[in-house]
2 protein chains.
Amino acid sequence: MTEKEIVVLRLGHRPERDKRITTHVGLTARALGADGMILASDDPKIEENIKEIAPRWGGEFFIKNDANAMEEINNWKKVGGKVCHLSMYGINLPDAVPELKKESKLMFIVGAEKVPGEIYEVSDWNVAVGNQPHSEVAALAIALDRIADTDPLLKTFDNAELTVIPMEKGKKVVHDNELIEKNKQNKV
Amino acid sequence: MTEKEIVVLRLGHRPERDKRITTHVGLTARALGADGMILASDDPKIEENIKEIAPRWGGEFFIKNDANAMEEINNWKKVGGKVCHLSMYGINLPDAVPELKKESKLMFIVGAEKVPGEIYEVSDWNVAVGNQPHSEVAALAIALDRIADTDPLLKTFDNAELTVIPMEKGKKVVHDNELIEKNKQNKV
């Protein structure tokens, strides 16, 4: 899907409180070219919400629910992946971008409120996306945007049932009826 | 605060459902250099949440609660402001950036779910931040980041009680005790 392999690890999700924010983290990850999101909490609804998007809007994007954060991080590192924790603490994103761009396997960690100290220890980079109280959705968006080799907003998604046609006013969405029909039959 | 005057108009906020997303919209607007957020719904809690941030972390950021969206847009236009509606429809952000950069008074509109057709009509630009289902928090973050003249992540905020010191591991926050004391006395 992308040349870089990028996964997002979402920590500290509380199903009642963070449902919409975590869905936004997942949508942002997908729209900006990440390959999937790992959720270090048990909330199958997030998985359902985001899994509905892929066949309609194309591309492939995985969600792994109820994962163990440290296990995921360790396994990722074992296969040569690097880990970048995003928050309002750490080195400034602009200082980290040149190094992050060189990596081919990156995990971005985004937390909710308190992130355990061991995450700061185990991360290859602790990166501040601005030193201000911020949004993890915004932090992830800016990081993915800045490390991309080609403009992620111009990315196309394969096998999309629906495609938006850029235009000045109004909405134009093209439906691939053949694919919609095929996907329906595969569901039955 | 910034040379450009930037406000964010938040549409379609539903207090029960969108509390956290709208707070993230506000935090993102502030952290990336906007001057304030206008909320076209009545939710004084959003105002409270975000107003707590400014004295602690510095800078000035206004929140206007319970505003009438069309009135705000019309008043903004009367004083020479331009209006840019962000969504997944419209022209691509990269195509709009050169024009947006030239403007000195910009209003960014971000909606929740359905945005009324009149918003598409009244906006000077309808801009797609990617043609994919997305997050309005991410859309705003990327737009503010891309139109900025200097890196918004390196921006400093005046009169901050708390300042984060960039470092590789851990958190270091400097407290301006004199200012904290002064602000406390002003509250009494």
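## Two chains, two parallel sheets

User: Which residue of β2(A) is the bridge partner of L9(A)?
Analyst: The partner of L9(A) within β2(A) is I38(A). This is a predicted model, in which local features need pLDDT of at least 70 and side-chain atom pairs count only at pLDDT 80 or more, while totals for chains, interfaces and linings use all residues. Residues are numbered from 1 along each chain as its sequence is written, and chains are lettered from A and ligands numbered from 1 in the order in which they are written.

User: What makes β1(A) and β2(A) a pair of strands?
Analyst: Two strands pair if DSSP finds at least two bridges between them, and strand β1 (residues 5-10) of chain A is joined to strand β2 (residues 36-39) of chain A by 4 bridges, so the pair meets the definition. These two strands run parallel. The strands themselves are DSSP runs (E, at least two residues), as helices are runs of H or I with at least four, and both are numbered from the N terminus.

User: Over how many bridges do β2(A) and β3(A) pair, and in which sense?
Analyst: Strand β3 (residues 62-64) of chain A pairs with β2(A) over 3 bridges, in the parallel sense. Here I38(A) appears again, standing opposite K64(A) in β3(A).

User: Why is a β-α-β unit called right-handed?
Analyst: The term applies if, with the strands pointing away from the viewer, the path from the first strand over the helix to the second runs clockwise. The unit made of β1(A), helix α1 (residues 15-31) of chain A and β2(A) is right-handed. The next crossover, from β2(A) through helix α2 (residues 44-57) of chain A to β3(A), is right-handed as well.

User: What is the strand order of the sheet in chain A, and which strands are its edges?
Analyst: The sheet is open and has 7 strands with parallel pairing, in the order β3-β2-β1-β6-β4-β7-β5. Its edge strands are β3 and β5 (91-92) of chain A, each of which pairs on one side only. Further along the order, strand β4 (residues 82-87) of chain A runs parallel to strand β7 (residues 125-128) of chain A and is joined to it by 4 bridges, with H85(A) opposite N126(A).

User: Which strands does helix α6 of chain A touch where it packs on the sheet?
Analyst: Helix α6 (residues 136-147) of chain A touches β1, β4 and β6 (105-110) of chain A. The direction of α6 makes about 160 degrees with that of β6(A), where axes are lines fitted to C-alpha atoms, for helices over the stretch in contact, and angles run from 0 to 180 degrees between N-to-C directions.

User: Why does each edge strand of the sheet in chain B have a side without a neighbour?
Analyst: Chain B has an open, parallel sheet of 7 strands in the order β3-β2-β1-β6-β4-β7-β5. β3 (62-64) and β5 (91-92) of chain B each have a single partner strand, so one side of each is left without a neighbour in the sheet. Inside this sheet, L9(B) stands opposite I38(B), and G36(B) has F62(B) as its bridge partner in β3(B).

User: How do you know what relation links the two chains?
Analyst: Chain B is superposed on chain A by a rotation of 180 degrees with 0.0 Å of shift along the axis, at an RMSD of 0.0 Å. That is the relation of a two-fold axis. The fit is by least squares on the C-alpha atoms of residues with pLDDT of at least 70 in both copies. Among the residues of chain B, A138(B) comes closest to the rotation axis, at 2.5 Å (C-alpha).

User: What makes a residue part of the contact, and how many residues does each chain give?
Analyst: Two residues are in contact if their C-beta atoms, placed from the backbone, lie within 7 Å, and the contact takes 41 residues from each of chain B and chain A. On the side of chain B that touches chain A, α1(B) gives the most, with 6 residues. By class, that side has 23 nonpolar, 11 polar and 7 charged residues, where Ala, Val, Leu, Ile, Met, Phe, Trp, Tyr, Cys and Pro count as nonpolar, Asp, Glu, Lys and Arg as charged, and the others, Gly among them, as polar.

User: What confidence does the predictor give?
Analyst: Chain A averages a pLDDT (the predictor's confidence in each residue, from 0 to 100) of 92, and 98% of its residues score at least 70. For the complex, the predictor gives an ipTM of 0.94 and a pTM of 0.94.
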